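Thanks for making the time this morning. I would like to walk you through one model, and I will keep to a few points that you can follow on the screen.

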Amino acid sequence: MKLKLRSLPLLLFALACSSPPEIKPQFEHDISSGPTPWTSDSFELEEEDFTFAIISDLTGGERPNIYGTAVGQLNRLDPTFVLSVGDLIEGGTEDTLQLQKERDSFDGRTSNLNMPFFHLGGNHDLTNPVMRKFWENRFGRRYYHFVYENVLFLMLDSEDYEEQRMIEIYEARAKALQIINGEIEGVYEESDYYKMSERSLGGMSNDQFEYHKAVLEKYPDVKWTFLLMHKPLWMHEDDKGLERLEALLVDRPYTVFNGHFHSYSHRKRLGRDYIMLGTTGGSQNPRDSMAFDEVTLVRMDKEPVITTLKMEGILDETGKVAVVYDSLNRERKDF
């Protein structure tokens with residue numbers, strides 16, 4: 001069919017006015033059904049050097065108003081998404097009603113974020129088989145991966161034990177807490193729980209290793225790889241730790257983040273950055289100068305630009321920290 005010349009200007013005008021097709025950021029994962037450990041898969045469109053944030057521990061006696069304030073500060077900083085390294089609730093119980101209350105409190109405050117949030121469990125979130133099942137019903141996977149704009153994120157479960165071993169750790173922990181609270185006689189440093197390597201270093205099953213191994217094989221040419229976990233699996237000296245994965249990572253650029261110790265530290269290991277985060281509301285040792293509340297920003301340029309921001313230095317237009325009074329149970333949305 002021949003186009004009449006008189007209709008050509010109208011066609012050109014229509015083409016000029018039409019909007020270019022929306023380009024969505026690349027977001028890949030392997031979860032096809034059921035609940036997901038992230039709150040949303042709707043990301044704000046950005047340039048290639050996107051920024052994400054990380055929060056750390058809230059537990060060991062969460063201090064009020066810290067996490068709610070961090071949520072408000074993150075909205076001001078406007079990262080593309082926010083990740084966690086676990087210990088989001090106090091947990092440590094088999095009471096599902098209490099777990100529901102604590103999860104609702106955390107998720108209610110987290111819902112005030114203007115960007116997606118990615119859950120990851122710590123020892124307080126995954127203390128026993130009941131809590132493990134509660135997590136899976138609510139968030140699905142305990143360990144998972146995703147790719148955003150050709151950057152791979154491995155989200156590791158550092159409480160990944162056989163069920164019987166998990167029960168042994170849980171029961172030893174309960175007895176140690178009785179000693180600490182003066183309910184029974186004993187010395188905490190002499191308790192079975194204190195002597196367990198899992199108390200500080202966690203553990204990873206062979207199934208989880210095989211999962212992440214398959215992911216690394218699927219994505220051999222990503223721009224960067226980030227590994228997030230609660231406990232420092234990389235400090236293990238056996239096959240329950242990170243050593244086998246580190247061997248697979250040796251020829252690619254990567255960065256490791258973990259929490260658990262409530263004290264910020266950085267070291268070079270195998271030529272890579274291994275960073276332990278501070279807290280975002282969790283208990284602190286007043287004698288530890290590196291125990292502070294913070295959020296971490298990572299700008300993914302040619303390589304990651306990592307910035308640790310003490311919450312006390314993130315000020316609003318009045319020059320003050322804009323405290324959000326959440327009281328752990330009441331959420332405010334007027335940031």
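I will begin with a pair of helices, move on to the salt bridges, and finish at the surface.

Please keep in mind throughout that what you are looking at is a predicted model.

Let us take helix H3, residues 96–110, together with helix H4, residues 129–139, whose axes come within 11 Å and cross at roughly 45°. At that angle the two helices, H3 and H4, are oblique to each other, and the crossing they make is right-handed.

Now to the charged side chains, where the general idea is a familiar one: side chains of opposite charge can pair when their charged atoms come close. In this model the count comes to 17 salt bridges, and I have picked out a few of them.

Which side chain does Arg109 meet in a salt bridge? The partner is Glu62, with 2.9 Å from N to O. Arg109 sits in helix H3, whereas Glu62 belongs to the loop between strand S2 (51–55) and helix H2 (66–77), so this pair ties together parts that are 47 residues apart in sequence. As for accessibility, Arg109 counts as buried at 3%, and Glu62, at 18%, counts as buried because the cut-off is under 20% relative accessible area.

Helix H3 brings us to a further pair, Arg103 and Asp125, whose side chains also meet in a salt bridge, again at 2.9 Å from N to O. Here too distant parts of the chain are linked, with Arg103 in H3 and Asp125 in the loop between strand S4 (117–118) and H4, 22 residues apart. Arg103 is buried, at 2% relative accessibility, and Asp125 is buried as well, at 1%.

A local example is found in helix H5, residues 163–180, where Glu168 and Arg165 are three residues apart and therefore separated by about one helical turn. These two form a salt bridge whose closest N and O atoms are 3.0 Å apart. Glu168 is partly exposed, with a relative accessible area of 33%, and Arg165 is likewise partly exposed, at 29%. Beyond single pairs, there is one network in which Glu136, Arg142, Asp157 and Asp160 are joined by salt bridges that share partners.

Finally, the surface: Leu315, Val321, Val323 and Tyr325 make a nonpolar patch of about 340 Å². Of these residues I would point to Val323, which lies in the segment after strand S12 (304–310) and is partly exposed, with a relative accessible area of 35%.

Terms used: Residues are numbered from 1 along each chain as its sequence is written. This is a predicted model: local features need pLDDT of at least 70, side-chain atom pairs count only at pLDDT 80 or more; totals for chains, interfaces and linings use all residues. Side-chain values use heavy atoms; hydrogens and water are left out. Patches are made of residues with over 30% relative accessible area and no salt bridge: like charges are joined within 9 Å, nonpolar side chains (Val, Leu, Ile, Met, Phe, Trp, Tyr) within 5 Å. Accessible areas come from the Shrake-Rupley method with a 1.4 Å probe; for residues, only the protein chains shown count as cover. A salt bridge is a side-chain nitrogen of Lys or Arg within 4 Å of a carboxyl oxygen of Asp or Glu. Helices (H or I, at least four residues) and strands (E, at least two) are DSSP runs, numbered from the N terminus. Buried means under 20% relative accessible area, exposed over 50%, partly exposed in between (1.4 Å probe, protein chains only). Axes are lines fitted to C-alpha atoms, for helices over the stretch in contact, and angles run from 0 to 180 degrees between N-to-C directions. Angles under 35 degrees count as roughly parallel, over 145 as roughly antiparallel, 65 to 115 as roughly perpendicular and the rest as oblique. A crossing is left-handed if the near helix is turned anticlockwise from the far one by less than a right angle, and right-handed if clockwise.
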